[in-house]
Amino acid sequence: MNVLVTGGAGYIGSHTVLSLLENNCNVVVFDNLFNSSIESIKRVESLTGKSVTFIEGDIRNKHQLSNVFSSHNIDTVIHFAALKAVGESAQIPLEYYQNNVHGSVCLLEAMAEHKVNNFIFSSSATVYGEENEVPYVETMKLGTPSSPYGATKVMVERIMADTAASNPHFRGVSLRYFNPIGAHESGKIGESPKGIPNNLLPYVAQVMVGKREKLSIFGSDYPTKDGTCERDYLHVMDLAEGHVAAMKWLNDNQDFAGVESFNLGTGNGVSVFEIVTAFEQAVDKKIPYEVSPRRAGDLPAFWANATKANDALNWQANRSLDQMMVDTWRWQSANPNGYDED
Ligand SMILES: NC(=O)c1ccc[n+]([C@@H]2O[C@H](COP(=O)([O-])OP(=O)(O)OC[C@H]3O[C@@H](n4cnc5c(N)ncnc54)[C@H](O)[C@@H]3O)[C@@H](O)[C@H]2O)c1
């Protein structure tokens with residue numbers, strides 16, 4: 001199996017590349033390194049003892065993409081490449097639409113030109129928007145996302161549906177991730193955000209290594225179990241393995257054409273306070289924090305109904321919250337500056 005992984009040097013991409021190599025796939029990573037480092041790929045190679053073909057390029061450059069398809073016999077594309085900061089997307093929406101939507105269109109065009117039909121897309125729980133009730137289930141209608149970032153995910157899902165309607169050979173899988181955290185158990189690869197982390201766990205981890213002074217908890221007056229927001233956190237290696245499961249599903253269902261969506265989550269809501277407590281226990285240290293006002297656009301609580309992925313993909317998010325914390329800490333304490341210091 002020859003797999004093209006766009007955005008494969010990033011956080012989820014690098015962990016997925018590792019899982020793909022462990023499952024004997026040949027992997028071509030295509031990434032512009034805008035939010036990542038080639039070091040992640042080098043470490044994946046050293047962990048697996050296998051090599052990756054790395055191509056530095058931009059998904060908005062059709063010529064570069066076309067060259068990739070011409071020179072590698074690609075069966076399946078896993079498409080991670082995107083900008084992903086929810087808050088930033090409201091400041092620079094056009095860059096988000098350009099990168100995430102236009103970039104995806106260029107990729108799908110290049111695939112069509114080279115008759116590659118297997119496409120696995122990094123979607124997000126954000127596509128359920130504010131209207132749907134929790135737990136989110138795939139039969140729900142797409143909602144109205146609270147940010148331009150979320151809108152790009154809805155748009156690409158629609159583009160996939162239209163592509164499938166016009167091309168009877170197109171086989172798309174949309175994986176709707178909930179909240180991936182943690183790192184590979186080796187502590188060699190993990191999340192290495194550039195600038196100030198947008199997500200809770202990398203922020204907590206940076207406070208613990210002394211890079212940030214204290215954690216801000218945005219709102220403690222939500223209608224949730226302890227007043228803080230609840231999310232469905234899953235271990236990034238479980239998420240990575242979800243991609244391998246989706247690829248196997250495509251392979252086992254050769255008659256399938258169209259688009260199928262799967263929620264990838266644990267099915268449990270965990271609050272910010274619960275994360276703080278779990279991290280403190282894993283590290284055996286107190287986390288300095290303050291409660292700040294709510295952040296615009298944050299939903300109080302959401303989690304997945306992951307039954308469809310459990311049944312059809314034979315996949316489950318098995319790793320515990322404790323393991324997510326321990327693995328995050330192993331990575332962060334061994335690499336306080338992420339990949340930057342190498
Ligand atoms: N991390 C999350 O919490 C989360 C949740 C839901 C969905 N997602 C989606 O999963 C995917 C991967 O997320 P991540 O957390 O690994 O992010 P990341 O920023 O670590 O990885 C994205 C990668 O894509 C690359 N990239 C961006 N634009 C590109 C372009 N135009 N051409 C080529 N490469 C480009 C970046 O350099 C980076 O390596 C994204 O599509 C994101 O929207 C992430």
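How close do the axes of helix 3 and helix 5 come, and at what angle do they cross? In this predicted model, the axes of helix 3 (residues 62-71) and helix 5 come within 9 Å and cross at roughly 40°. That angle makes helix 3 oblique to helix 5, and the handedness of the crossing is right-handed. On the helix 3 side, the contact is made by K62, L65, S66 and F69; helix 5 brings in C106, L107, E109, A110, M111 and E113. Sorted by class, the contact of helix 3 with helix 5 has six nonpolar residues, one polar residue and three charged ones.

Just past helix 5 (93-113) comes a bit of backbone worth a look. K115 sits in the loop between helix 5 and strand 5, and its phi is near 55°, a positive value in a residue other than glycine. Another backbone feature turns up in the loop between strand 5 (118-124) and helix 6 (148-166), where P135 is found. The peptide bond joining V134 and P135 is cis, with omega at about -5°. For context, most residues other than glycine have a negative phi, and most peptide bonds are trans.

Now for the domains. The domain assignment splits the protein chain into domain 1 (2-181 + 233-264) and domain 2 (200-231 + 267-334), so each domain is written as two segments under that assignment. Their C-alpha centres lie 24 Å apart. How many residues of each domain are in contact with the other? The count is 28 residues of domain 1 and 28 residues of domain 2. Between them, domain 1 and domain 2 bury about 2,500 Å², and 67% of that area is on carbon and sulfur atoms.

Two further helix pairs involve helix 9 (residues 272-283). Take helix 7 (residues 200-208) to begin with: its axis and that of helix 9 come within 11 Å and cross at roughly 40°. Helix 7 and helix 9 are therefore oblique to each other, and helix 7 passes helix 9 in a right-handed crossing. Helix 7 makes the contact through L200, L201, V204, A205 and M208, while V272, I275, F279 and V283 do the job for helix 9. The residues of this contact of helix 7 with helix 9 come out as nine nonpolar, with no polar and no charged ones.

The other partner is helix 11 (residues 321-334), which packs against helix 9 at an angle of about 60°, with the two axes 9 Å apart. Helix 9 and helix 11 are therefore oblique to each other, and here too the crossing is right-handed. From helix 9, the contact uses I275, A278, F279, A282 and V283; from helix 11, it uses L321, D322, M325, V326, T328 and W329. What classes do these residues fall into? The contact of helix 9 with helix 11 divides into nine nonpolar residues, one polar and one charged. I275, F279 and V283 of helix 9 are thus listed in the contact with helix 7 and also in the contact with helix 11.

Notes
Residues numbered from 1 in each chain as written. Predicted model: local features only at pLDDT ≥ 70, side-chain atom pairs only at ≥ 80, totals over all residues. Heavy atoms only, no water. Axes fitted to C-alpha atoms, helices over the stretch in contact; angles between N-to-C directions. Helix = DSSP H or I, 4+ residues; strand = E, 2+ residues; numbered from the N terminus. Parallel < 35°, antiparallel > 145°, perpendicular 65-115°, else oblique. Left-handed = near helix turned anticlockwise from the far one by under 90°. Contact = heavy atoms within 4.5 Å. Nonpolar A, V, L, I, M, F, W, Y, C, P; charged D, E, K, R; others polar. Buried area = accessible area lost by both parts, 1.4 Å probe.
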